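Colleague: Take me through the charged side-chain pairs in this model, please, one at a time. Then put them in the setting of the chains around them.

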Amino acid sequence: MTAYKLLADPLQQFKNGLDRNGMPLPPSRQFVLGTDSLGRDIFSRAIHGTRVSLTVGLAAMCTATLIGVTIGTVAGFFGGKTDTLLMRGTEVMMSIPSLLLAIAFAGLMDGKLVHFHPAGLPWHFLDLKLQQGITSIFLVIGLLSWTGIVRVVRAEVMGLKEREFVQAARVLGAKNGRIIFRHILPNILPTIIILAMMSTAGTILLEVGLAYLGIGARPLPSPSWGSMIAEGQPYFISAPHIVVVPGVAIVLTVLAFNLLSQGLQEIFDPLRKDRSA
Amino acid sequence: MLKRLCIRLVWSLLVLIGAAGLSFLIARAVPGDPARVIAGAKADAETIALIRTELHLNDPLWKQFGRYLWQLGHGDLGKSYVTNQPVTEAILTRFPATAALSLTALVIWMALAIPVGVLTARYQGTYFDRIVLVIATIGISLPALWVARLLQYELAYKAGLFPVAGLQSFRHLLLPALTLVVLVGGYYARLIHTNMVEVLRMSFIRTAEAKGVSGSRLLFVHALRNALIPVVTILGIDLAGLLGGVVFTENVFALPGIGTLALQSVFNLDAPIIMGTVIFSAFLVVSANLVVDLLYNFIDPRIRG
């Protein structure tokens, strides 16, 4: 993929990208995967699109994993009322359709200042500036995709908490923070990595959906797979390759993450390799 | 039992209020003045001020939310800013299309996933099993909007097997349903496979085998009944999620469903409809959770204890 990125810039060929009637060209020797409605080389655009999708997908995955692991660990470790409260909060998030919420969230960002504080109080540190761009998109996606991680992490932590080595550490006088960071988290690290890879597949698909609807990363001319599909739609019947190529790129990337998580699962946990499938 | 039910109900209600609060906050983040959206671009300041007072937009946020919850309790979700149609009515007129699509898809994918899941569990490790695994993995990696477009082009436009878009008859539902089947069918086949493999290892299966129960009866009656229990949970929540709006599939095939409604309202900045669809679909998921939880008591006597 790195090699492709290096190749992308010299490959951009804008001239001669349209036929005599101004229609997109099908794949040929000059344009390996054809050109789009403005005569741009689809191959290089698809490669450029990798940047946006992977950046947003991975950043959103990190956000989601951070939130998910934190909430899951706290809920599983402390149990009781903390657990109930956090899990109900998670349930609220789970019950809301994440795509709708993402569309609503992302569609509404245009540099607007939101005041979360009560009108009478001057708590301006609560103000939030919403802007369309890569940062907001990955935050929105990340903030909506952590619920799946919480459940698994919580279950694992609850299981580990009762194990002898944790009990031993506690008897030796270790504080909660030390137990969590030195004894529990390292033991669930494989699970966390697998969950992170799995959620990356989801975050990339969500980014594609948002970009397709025109509420993805800006500025627009920079290609993203979702927006390429959206732009190619009016030409679908005469030039289906405009839509097919970015779609194949998406499938291959998401498939790679799914296979990675399945492979890791078999390595870390050979007995239960069927768990997620 | 009754006490447990009551606690569950109260929690579900709290979850719903939380969802309402979240959607309220989002709707308030809508750029632009709702009054201006209603009045149109050419309205004068007086009209806008009038609409603002009428909608209580000058009140503090918590007061507005309180009023919203109060109306919600009476089944009133407000009126659309754009068409002035009551939100409840808008959602209910769109619901049948989404429900028909989701149920058609559900029937097809379960009809495929159950036999495939059972047989891959029986013949684990064979080429058949591996091919299904590959197909399922590809299935969960496909972007919905793209699959919908491709199927529409290949099967409806080129081959002419299905109508291209719109909703006039049951035939119009088949291709959108097929799209959903492609997306989730493989996942369910694997889910059933995984549970079947676990059940087949259990001792009661060996007992039944020793008693001389025939092969297919053993698989499809003794084992499948137990393997389906965990699947039901996921199925309930997934179905509720589908009913809450299959945004891309509906969008591509121009079906007048909840997903299309939600999408339109976001682009129109129609906050009451956005909130309405979010709360409606949260309501479906919460009720599905509740029903599945109660069903468990009947299906699986081990939990009752």
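Modeller: Let's fix one term before anything else: buried means under 20% relative accessible area, exposed means over 50%, and partly exposed is in between, with a 1.4 Å probe and protein chains only. On that scale Cys62(A) is partly exposed, because its relative accessibility is 47%. Cys6(B) is also partly exposed, with a relative accessible area of 43%. Neither cysteine ends up in a disulfide, since the count over all chains is 0 with a disulfide taken as a pair of cysteine sulfur atoms within 2.5 Å.

Some bookkeeping, as this is a predicted model: local features need pLDDT of at least 70, side-chain atom pairs count only at pLDDT 80 or more, totals for chains, interfaces and linings use all residues, and side-chain values use heavy atoms, with hydrogens and water left out. Residues are numbered from 1 along each chain as its sequence is written, while chains are lettered from A and ligands numbered from 1 in the order in which they are written.

Now to your pairs. The whole structure holds 3 salt bridges over all chains, where a salt bridge is a side-chain nitrogen of Lys or Arg within 4 Å of a carboxyl oxygen of Asp or Glu.

Start with Arg154(A) and Asp83(A), whose side chains meet at 2.7 Å, N to O. Arg154(A) belongs to helix α6 (residues 147-161) of chain A and Asp83(A) to helix α3 (residues 80-95) of chain A, so this pair ties together parts that are 71 residues apart in sequence. Helices here are DSSP runs of H or I with at least four residues, strands are runs of E with at least two, and both are numbered from the N terminus. The two partners fall into separate accessibility classes: Arg154(A) is partly exposed at 22%, whereas Asp83(A) is buried at 11%.

Helix α3 of chain A brings in another pair, Glu91(A) with Arg88(A), at 3.5 Å, N to O. Both residues lie within that helix, 3 residues apart, about one turn. Glu91(A) and Arg88(A) are both buried.

Chain B has a pair too: Arg190(B) and Asp129(B) form a salt bridge at 3.3 Å, N to O. Here distant parts of the chain are linked, with Arg190(B) in helix α8 of chain B and Asp129(B) in helix α6 (residues 127-140) of chain B, 61 residues apart. Why do both ends count as buried? Arg190(B) does because its relative accessibility is 4%, and Asp129(B) does because its value is 7%.

While we're on helix α8 (residues 171-200) of chain B, Thr179(B) sits in it as well. Thr179(B) is buried, at 0% relative accessibility. Leaving out residues up to four places away in sequence, Thr179(B) touches Ala144(B), Val147(B), Ala148(B), Leu151(B), Thr249(B) and Phe253(B), a contact being heavy atoms within 4.5 Å.

How about the interfaces? Between chain B and chain A the rule finds 0 salt bridges. That contact takes 46 residues from chain B and 45 from chain A. The two chains bury about 4200 Å² between them, 76% of it on carbon and sulfur atoms; buried area is the accessible area (1.4 Å probe) that two parts lose on being put together, summed over both.

Inside chain B, the domain assignment gives domain 1 (2-73) and domain 2 (87-299), with bounds that come from an automatic or database assignment. Their contact takes 17 residues from domain 1 of chain B and 15 from domain 2 of chain B. The C-alpha centres of these domains lie 33 Å apart. The area buried between domain 1 and domain 2 of chain B is about 1300 Å², with carbon and sulfur atoms giving 78%. Again, the rule finds 0 salt bridges across that interface.

Back to chain A for the wider setting of its two helices. The chain has 10 helices and 2 strands, running α-α-α-α-β-β-α-α-α-α-α-α from the N terminus. Buried residues make up 51% of its 277 residues. Of the contacts in chain A between residues at least 6 apart in sequence, 66% join residues at least 24 apart.
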